[in-house]
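Me: I'd like to walk through this fold with you, one question at a time. Can you keep it casual and show how you get to each answer?

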Amino acid sequence: MPRVDFRTPRIYVEEPLAAGRDLALGRAPANHLVNVLRCKTGDAVLLFNGRDGEWRAVLAGTGKRVTVVVGERARAQPQPRDLHFLFAPLKHARLDYLVQKAVEMGAARLQPVITRHTQVARVNLERMRANVIEAAQQCGVLNVPEVAEPVAFKTVLGRDADRLLVFCDEEAEVKDPVAALAAARPQTKALLPAEAARAHFPLAVLIGPEGGFAEEERAALLKRPNVVRIALGPRILRADTAAVAALALVQAVLGDWRND
């Protein structure tokens, strides 16, 4: 993978990217470059849109209309990992943190789920999207996760049955979560090459609310096909901490942290 350039300002844009294009930046990225970073005409920037990879560009105008000229592509767009992150919404600052870390950990879709004990029923999706873009800009991420509308818990049970669902439960017996996840991994040595290439199967990680899952929710999850129930150690973790721990485990055992 090409080395990420963290010294050049990095900006997310909606427009398609290609060599030679002239783009006018929106108000937020223009303000960030000109008024916050004090960039000037001729300064280098990096552009990405979540689809076309990362491109080098040059600031062409910094007046009322901030424009850039796109140069060569610096990094190709990688194939996103099919990892959905499902979570009970939290209050503002902790939800900001959770969203930013999910982006850094490689989630492809962020799905708020309303459970019985969820403390926050209304979710500011625009704020979530802004946090997604900020995290992607700061960490060199090229795949920008989708931010989905909140759904009821029962909706999660009724769809995507082929997707392996890993749910974290403080009521689960404390065992080795790595072993539990490894047992769900296809044995690629026994597969044909074409099958092995498809062994990166779709995944979902579900984090419950601060009050935990209701008994009927836990029972319904355990009846669902393709479910792995894990405990995250002997201590109770806050939901935003549990999210980072769970995503790290799943990426290490089943996801793109593996070099196979």
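**Strands, cores and a buried arginine**

Reply: Sure. Keep in mind that this is a predicted model. To start, strand S4 and strand S5 (residues 66–75) run antiparallel and are joined by 7 bridges.

Me: What links S4 and S5 along the chain, and how many residues sit between them?

Reply: We already have the two strands running antiparallel. They form a hairpin, and the number of residues between them is 3.

Me: Which residue in S5 stands opposite Val58?

Reply: Val58 is useful here as it also stands opposite Ala44, on the S3 side. Its neighbour in the sequence, Leu59, has Val68 as its bridge partner in S5. For Val58 itself, the residue opposite in S5 is Val69.

Me: And S3 with S4: which residue in the turn has a positive phi?

Reply: Strand S3 (residues 44–48) pairs with strand S4 (residues 54–62) in the antiparallel sense, over 5 bridges. They make a hairpin with 5 residues between them. The turn residue with a positive phi, about 80°, is Gly50.

Me: Which residue of S5 is the bridge partner of Ala24?

Reply: Here the other strand is S2 (residues 22–24), which runs antiparallel to S5 and is joined to it by 3 bridges. Within that pairing, the S5 partner of Ala24 is Thr67.

Me: On to the inside. Which element gives the most residues to the largest nonpolar core?

Reply: That core has 42 residues, and Phe85, Leu110, Met128 and Ile207 touch the most other members. Elements giving two or more residues include strand S6 (83–87), helix H2 (92–104), helix H3 (125–139) and helix H8 (239–253). The top contributor, with 8 residues, is H8.

Me: How many residues are in the second, separate core?

Reply: Val13, Leu33, Leu47 and Ala57 are among its members. The count for this second core is 17.

Me: Which side chains does Leu110 meet, say among the phenylalanines?

Reply: Leu110 touches a list of residues that includes Val99, Met128, Val132 and Pro145, leaving aside those up to four places away in sequence. The phenylalanines on that list are Phe85 and Phe87.

Me: Why do the buried residues of H7 end up on the same side?

Reply: The buried residues of helix H7 (residues 215–223) are Glu217, Arg218 and Leu221. They lie on the same side of H7 because the arc they cover around the axis is only 100°. Glu215 and Lys223, on the other side, are exposed. So the reason comes down to that arc of only 100°.

Me: What do those buried residues of H7 pack against?

Reply: One partner is a helix and the others are strands. The full set is H4 (153–157), S10 (164–168), S11 (203–207) and S12 (227–230).

Me: Is Arg218 buried or exposed, and which side chain does Arg218 make a polar contact with?

Reply: Arg218 has a relative accessible area of 6%, so this residue is buried. Its contacts include Glu170, Glu171, Phe213 and Arg229. The polar contact, at 2.6 Å, is with the side chain of Asp169.

Me: Last one, for cysteines: how far is the nearest cysteine sulfur from that of Cys39?

Reply: Searching the whole structure turns up 0 disulfides. Cys39 is buried, with a relative accessible area of 10%, and Cys168 is buried too, at 8%. For Cys39 the nearest cysteine sulfur belongs to Cys139, and the distance is 19 Å.

Note on methods. Residues numbered from 1 in each chain as written. Predicted model: local features only at pLDDT ≥ 70, side-chain atom pairs only at ≥ 80, totals over all residues. Heavy atoms only, no water. Buried < 20%, exposed > 50% of the residue type's maximum accessible area, 1.4 Å probe, protein only. Helix = DSSP H or I, 4+ residues; strand = E, 2+ residues; numbered from the N terminus. Arc of directions from axis to C-beta. Contact = heavy atoms within 4.5 Å. Core = buried A, V, L, I, M, F, W, Y, C linked by side-chain atoms within 4.5 Å. Disulfide = S-S within 2.5 Å. Polar contact = N/O pair within 3.5 Å; in protein donor to acceptor, adjacent residues only side chain to side chain. Pairing = 2+ DSSP bridges.
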